[in-house]
Every structure is written in structure tokens, then in C-alpha cells.
Amino acid sequence: MNKRTKTYLLLVAVVCVWGTIAYKFFSASKPVVSLVENQNPVMSFKPLAKKTDTFSIQELRRDPFLGTIKKKPNTNHDRVIRKAKDSTPIPQMTYLGVLKKRKSKNHIFVLNINKEQFLVKKGQTVENIKILQADSRYMVVSFKEKTITLPIQ
């Protein structure tokens with residue numbers, strides 16, 4: 001055998017050995033997955049529902065220690081239903097000024113409501129506040145059927 005043939009056979013042997021090692025390494029790192037036909041895992045989750053306990057508090061008419069009646073039961077079932085007044089406070093408002101273009105009749109007014117600025121026009125409603133009238137000196141607004149005049153700040 002000549003030198004070239006020996007080198008060729010040695011190269012083939014080295015490639016076969018390293019090929020076998022690589023095959024064993026990669027085949028061992030990938031586990032074989034067996035296929036199970038028609039496997040449908042059934043999973044269900046039913047949370048436990050808590051039942052709410054309902055109760056009512058009733059006025060004691062009889063003293064629990066002495067057994068005496070505290071007061072007579074009310075036989076008058078005609079109750080007067082009073083309409084609660086609207087307790088919404090008037091928001092803090094300040095009129096800061098007017099913005100206008102030179103050749104335009106549309107004016108935009110700057111209104112501060114509860115420390116938040118709004119750009120509004122006449123007739124616009126913001127935060128339940130309607131702008132009725134405004135100019136460069138004052139603004140007239142309505143809030144819950146109340147008319148409020150705000151001078152410019």
C-alpha cells in the first residue's frame with residue numbers, strides 16, 4: 001500500500017469513529033416519544049361555591065334579661081318617604097382666560113375644574129358643568145341647576 005491509500009483509509013476510519021460518537025450523542029439527547037392513540041386527558045375544575053349566609057337584624061322589643069317589653073310595636077305602616085337632597089358638592093372652578101385666532105369668531109376658553117384644565121367652547125358640557133356665556137372678563141356656568149359666575153383670574 002502506498003502512502004496515499006494509508007492516509008485515505010485512516011481518514012475514513014477517523015470519520016467513521018467520530019460519526020458513530022456523534023450519532024450516539026445526539027440520539028441519546030432526544031428521547032423517543034411513544035405515540036398513544038386517542039389519548040384525551042380529561043381535566044375538569046369545579047371551584048367550591050361559597051353559600052352566603054343571609055340574615056336580618058331586628059329591633060329588640062323585649063328586654064332579654066328582664067323579659068319586659070321595652071316599647072310597643074309600631075302599628076303605623078304609612079311611612080313618609082323623603083327625597084334625599086343631592087349632596088354633590090360644587091367643584092372648585094376658576095376661569096383662566098380665552099384663546100382666539102385673529103380672524104375667527106370661535107373662542108376657546110380655559111376653565112380649571114378641581115385643579116384640572118379644560119379647553120371649552122360656549123354651550124359645551126364638561127364634568128356636568130355647562131358653559132352658558134363667556135368673554136374676556138367673566139364666564140357664566142351652570143352646575144346642577146345652579147348658575148355660577150366666574151371672574152377671570
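In strand 6 of this predicted model, the residue that serves as the bridge partner of Lys130 is Ser142. Ser142, which is itself found in strand 6, has a relative accessible area of 17%, and because buried residues are those under 20%, Ser142 is classed as buried. When residues up to four places away in sequence are not counted, Ser142 touches Asn128, Ile129, Lys130, Leu132 and Thr147, so that its bridge partner Lys130 also appears among its contacts.

The pairing of Lys130 with Ser142 belongs to a wider connection, in which strand 5 and strand 6 run antiparallel and are joined by five bridges. Another pair in this connection is formed by Ile131, whose bridge partner in strand 6 is Val141. Strand 5 and strand 6 also form a hairpin, with three residues between them.

Lys130 in strand 5 also stands opposite Thr125, and strand 4 and strand 5 pair in the antiparallel sense over two bridges. These strands, too, form a hairpin, here with two residues between the strands, and within this hairpin Glu127 takes a positive phi near 55°.

Taken together, four strands form an open sheet in the order 4-5-6-7, and the pairing in this sheet is antiparallel. Strand 4 (125–126) and strand 7 stand at the edges, and because each has a single partner strand, one side of each is left without a neighbour in the sheet. In general, the strands of a sheet pair through backbone hydrogen bonds, in either a parallel or an antiparallel manner.

Turning to the interior, the largest nonpolar core has 16 residues, and those with the most contacts inside it are Met93, Leu111, Ile113, Val120, Met139, Val141 and Leu150. At least two residues of this core are supplied by each of strand 1 (93–100), strand 2 (107–113), strand 3 (116–120), strand 5 (129–134), strand 6 (138–143) and strand 7 (146–151). Val141, listed among the core residues with the most contacts, is also the bridge partner of Ile131. Ile113, another residue of that list, touches Pro91, Gln92, Met93, Phe118, Val126, Glu127 and Ile129, again not counting residues up to four places away in sequence. Among these contacts of Ile113 are Met93 and Glu127; Met93 is likewise named among the core residues with the most contacts, whereas Glu127 is the residue with the positive phi in the hairpin of strand 4 and strand 5.

Notes
Residues numbered from 1 in each chain as written. Predicted model: local features only at pLDDT ≥ 70, side-chain atom pairs only at ≥ 80, totals over all residues. Heavy atoms only, no water. Core = buried A, V, L, I, M, F, W, Y, C linked by side-chain atoms within 4.5 Å. Buried < 20%, exposed > 50% of the residue type's maximum accessible area, 1.4 Å probe, protein only. Contact = heavy atoms within 4.5 Å. Pairing = 2+ DSSP bridges.
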